[in-house]
Amino acid sequence: MQLVRQLGEGGFGFVYLARHTLSGDEFAVKRMLVQDRESRELAEAEVRLMKDLRHPNCLGLVASSQGPRESGHGYEFLLVMDLATRGTLAQLAATARGKSPLVT
């Protein structure tokens with residue numbers, strides 16, 4: 001898997017566009033970096049939820065991993081997910097209302 005570019009960031013970490021080196025398929029990779037016990041529990045809960053979630057309007061989880069960060073401080077969680085190719089949630093909501101997107 002090759003990281004192509006960063007797509008966004010949030011409170012826990014970053015989301016990257018990734019390309020499978022053999023097939024060329026593209027995915028979203030969410031990298032969550034956590035330092036404390038509460039954040040780690042929240043990240044673990046998100047992974048569990050994504051593993052159980054099956055709905056046509058939700059991105060699917062392809063694979064995940066977790067472990068101590070190489071620096072030795074905190075934990076790192078990686079979630080490989082289907083790539084949303086139709087835009088952001090804000091863009092889709094604005095389009096559904098017949099208005100131009102608030103966020104581009």
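Ser-64 has Leu-79 of strand 5 as its bridge partner, and that pair is a handy way into this predicted model. Strand 4 and strand 5 run antiparallel, with seven bridges joining them. From there we can work outwards to the rest of the sheet, then the core, the helix that packs on the sheet, and the pocket.

**Hairpin and sheet**
- Six residues sit between strand 4 and strand 5, which together form a hairpin. Look for Gly-72 in the turn, where phi is positive at about 85°.
- The full sheet is open, has five strands in the order 1-2-3-5-4, and pairs in antiparallel fashion. Strand 1 (2–9) and strand 4 (61–68) are its edges, each pairing on one side only.
- On average, neighbouring strands here are turned by 25° against each other, ignoring direction.
- Strand 5 is also antiparallel to strand 3, and eight bridges link the two. Within that pairing, Val-34 stands opposite Tyr-75 of strand 5.

**Helix 1 on the sheet**
- Helix 1 packs on the sheet and touches strand 3, strand 4 and strand 5. The helix direction makes about 25° with that of strand 5.
- Ser-39 belongs to helix 1. Is Ser-39 buried or exposed? It counts as buried, because its relative accessibility is 18% and the cut-off for buried is under 20%.
- Leaving out residues up to four places away in sequence, Ser-39 touches Phe-12 and Val-34.

**Nonpolar core**
- Nonpolar side chains tend to be buried together in soluble globular proteins.
- In this model, the largest nonpolar core has nine residues: Met-32, Val-34, Ala-43, Val-47, Met-50, Leu-61, Phe-77, Leu-79 and Met-81. Strand 3 (26–34), helix 1 (37–52) and strand 5 (75–82) are the elements that each give two or more of them.
- So Leu-79, the bridge partner of Ser-64, turns up again as a core member, and so does Val-34, the residue opposite Tyr-75.
- Met-32 is worth clicking on: among its contacts beyond four places in sequence are the core residues Ala-43, Val-47, Phe-77 and Leu-79. Its other contacts on that basis are Phe-12, Gly-13, Glu-46, Tyr-75 and Glu-76.

**Largest pocket**
- Where is empty space left? Rolling a probe the size of a water molecule over the atoms shows it.
- The largest pocket comes out at about 750 Å³ in volume. There are 23 lining residues, and Leu-59, Ala-84, Thr-85, Gly-87 and Thr-88 are the closest to the pocket's centre.
- At least two lining residues come from each of strand 1, strand 2 (13–19), strand 3, strand 5 and helix 2 (89–96).

Note on methods
Residues numbered from 1 in each chain as written. Predicted model: local features only at pLDDT ≥ 70, side-chain atom pairs only at ≥ 80, totals over all residues. Heavy atoms only, no water. Core = buried A, V, L, I, M, F, W, Y, C linked by side-chain atoms within 4.5 Å. Buried < 20%, exposed > 50% of the residue type's maximum accessible area, 1.4 Å probe, protein only. Helix = DSSP H or I, 4+ residues; strand = E, 2+ residues; numbered from the N terminus. Contact = heavy atoms within 4.5 Å. Pairing = 2+ DSSP bridges. Axes fitted to C-alpha atoms, helices over the stretch in contact; angles between N-to-C directions. 1 Å grid on protein atoms, 1.4 Å probe; cavity = no way out; pocket = protein on both sides within 12 Å on 5 of 7 lines; lining within 4 Å. Points joined across faces, edges and corners; volume = space filled by probe spheres on them.
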